[in-house]
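Welcome! Here are a few short exercises to help you find your way around a new structure. Try each task yourself before reading its solution.

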Amino acid sequence: MSQQKTQGLAEHNITLRAAVMIMYCLVAAGCFGIDEMIPDGGPGITIIILCVLPFVWAAPQALCAAELGSAITDAGGFYKWIQRGLGEFWGFQGGWCRTLSCYIDNTVYVVLAGSYARMLFPDMTETAQFAFMAAIILVFTFINLMGIEDVGRVSSIFSAFIFLVFLAVTVIGFCNWNYNPMDPLYNSSDYTLLGSIGASLATGMWMYSGYTSMSTLATECKDKSVIPRGLLIILPLVTFSYILPTIAGLASVGHWQDWNPDGGISFGHVLALAGSWGIPVFTITAVCAELSMFNAQMISISRGFYGMAVDNLAPKSLAKVSKKRRVPYVGVLSLTVVSLLLCNFNFDVLVTMDVMLLMVDYVLVFLSTVALRKNEPDMPRPFRIPGGDGFVKLLVAPALFIAVAALFLNGSDYYLGGMIAFLSSPVLYIIWKRMYGGLYAIDPEKYPINPRTKLAVGDFHRIAVVFAILAVIGLIGSLFWFGWYEEGWESYFEGAYGWLKFMGTDGASIREWIKDAIFVISVIYAVAAIAFKVAGNKVDKRA
């Protein structure tokens, strides 16, 4: 195998098929998650969202990733795109938020695999379940340390099996059509129409996300065109692999209220129409899906911190690579440690932080695409989104709107978790920029700093913008939106945050407590925005 070092990593002969299979694991790995959308929003809304999001959410991701990925193939992928388009500060915000979110998400896949394994073997003890999860983590750590080619082989096996099982779901479901899959349109017993859309939209956005994840591996692909070409293939493949099994499942087994991955109706019951083997095969498929996502996400995430460390915006140890295979082993092992530590925890609270962290990255990628079209119109783009600059703006506009709307539609608990988690981003930027120098350490003339703050000129103003945006959205949400939107959600808050009952609270009280917390933190962030703005005017004037 011929290898050529590049940015400390090594280039590999990754085929288009292998790239597509890795992308399938990163983006989809089956229809898992749709079985939660169906009872939340209703069958009609679920199918409509699955049909609409490819155009207004998935396509902007895939097309922007294809264009930027064909033009900028540096280690770090999406992080480098944002840095090139919007600057060092915003590049760090996107890179850190996405990577932190994925560190949390990746362990969830292991936990779910353990849960499905326990469904196959009901007598499995908690100790045995933990041993199973630990074995998963260690096995895929070894595979990832071997390099991208081995990850690609494993992803190809998983993807082929998962895809064939859901193809069988589609065929069996359509052959047993008994119900109207669109009836009822929405879950009128629990939500309004808007509430049903909000209840399903978050899951739908999550299921159509991940198209930029493969970008962190671009440097390691000898043929730089495989990722942009693969993105154009995976977009329609994922779309149809979601929509067709969902219609087939609802049309064949119906009972939309009872769909639930935890013991309710699932796509496995569609397979069961063809024989008793259906449920066990589907459960095995579910385990494979979680393993495939853990495997693919591990190689993608480990390269996220690598790119930041190379730019002196993260600990330099994260840029270390193995001597033989040129793999960023510290990044891989850090994921291993985090997964082992977190796999026995309840993720209900941690997952609430993900939505805002992911939205930050996607919004910045969309804005970077537009900014680079304006600032670097002659930059070589082997793949260029057709239709001109005007079409690019039209393409990303609805995606930007959906990203902002998601912050309101997911609920107050998700916004509170996100605004707390996001605080780590500007704080760590200040710390690591001062410690390691950032791009100034690479090229002092091109990337000057303020000698007093040791940050880039204008960084205080950028930090003020971050706090101001969080404050404005938080104040709008706490004062006007969440109180009205979440009316009737008492049972949800009581079920999700029952551990707060020791304080003598019920669902309504928990909802109000969260709303009040958002208001208080928003006021604090507004004060911080003003303080950084005033300080920025002073320090930059003297620089």
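**Exercise 1: The overall build**

The model is predicted, and its chain holds 20 helices and 2 strands. Task: work out how compact the chain is for a protein of 543 residues.

Solution.
- Start with the radius of gyration, which is 23 Å.
- Next, take the value from the globule rule for 543 residues, 24 Å.
- The two are close, so the chain is as compact as a globular protein of that length.
- To picture the space taken up, imagine a box of roughly 75 × 60 × 55 Å along the principal axes, filled by the C-alpha atoms.

**Exercise 2: Inside and outside**

Task: find what share of the residues is buried, and what supplies the exposed area.

Solution.
- Of the 543 residues, 57% are buried.
- The chain exposes about 21600 Å², and 67% of this comes from carbon and sulfur atoms.
- Now turn to the contacts with a separation of 6 or more: 80% of them join residues 24 or more positions apart.

**Exercise 3: Confidence along the chain**

Task: say where confidence is lowest and where it is highest.

Solution.
- Begin with the whole chain: the mean pLDDT is 86, and 94% of the residues reach 70 or more.
- Strand E1 (residues 5-6) has the lowest confidence, with a mean of 44.
- Helix H17 (residues 424-436) has the highest, at 94.
- Across residues 1-6 the pLDDT is below 50, and this stretch has 16 contacts in the model beyond near neighbours in sequence.

**Exercise 4: Looking for disulfides**

Task: decide how many disulfides the model has, using the cut-off of 2.5 Å between cysteine sulfur atoms.

Solution.
- By this rule, the count is 0.
- Take Cys25: the nearest cysteine sulfur belongs to Cys288 and is 10 Å away, and Cys25 is in no disulfide.
- Cys25 has a relative accessible area of 1%, so this residue is buried.
- Cys97 is in no disulfide either; the nearest cysteine sulfur, that of Cys102, lies 11 Å away.
- With 0% relative accessibility, Cys97 is buried.

**Exercise 5: One residue in its setting**

Task: is Ser101 buried or exposed, and which residues does Ser101 contact beyond four places in sequence?

Solution.
- First locate Ser101: this residue lies in helix H5 (residues 88-120).
- Then check its relative accessible area, which is 0%; buried means under 20%, so Ser101 is buried.
- Finally, leave aside neighbours within four places in sequence: Ser101 is in contact with Asp354, Leu357 and Leu358.

How values were computed
Residues are numbered from 1 along each chain as its sequence is written. This is a predicted model: local features need pLDDT of at least 70, side-chain atom pairs count only at pLDDT 80 or more; totals for chains, interfaces and linings use all residues. Side-chain values use heavy atoms; hydrogens and water are left out. Buried means under 20% relative accessible area, exposed over 50%, partly exposed in between (1.4 Å probe, protein chains only). pLDDT is the predictor's confidence in each residue, from 0 to 100. Helices (H or I, at least four residues) and strands (E, at least two) are DSSP runs, numbered from the N terminus. Contact means heavy atoms within 4.5 Å. The radius of gyration is taken over C-alpha atoms; the globule rule is 2.2 Å times the number of residues to the power 0.38. Accessible areas come from the Shrake-Rupley method with a 1.4 Å probe; for residues, only the protein chains shown count as cover.
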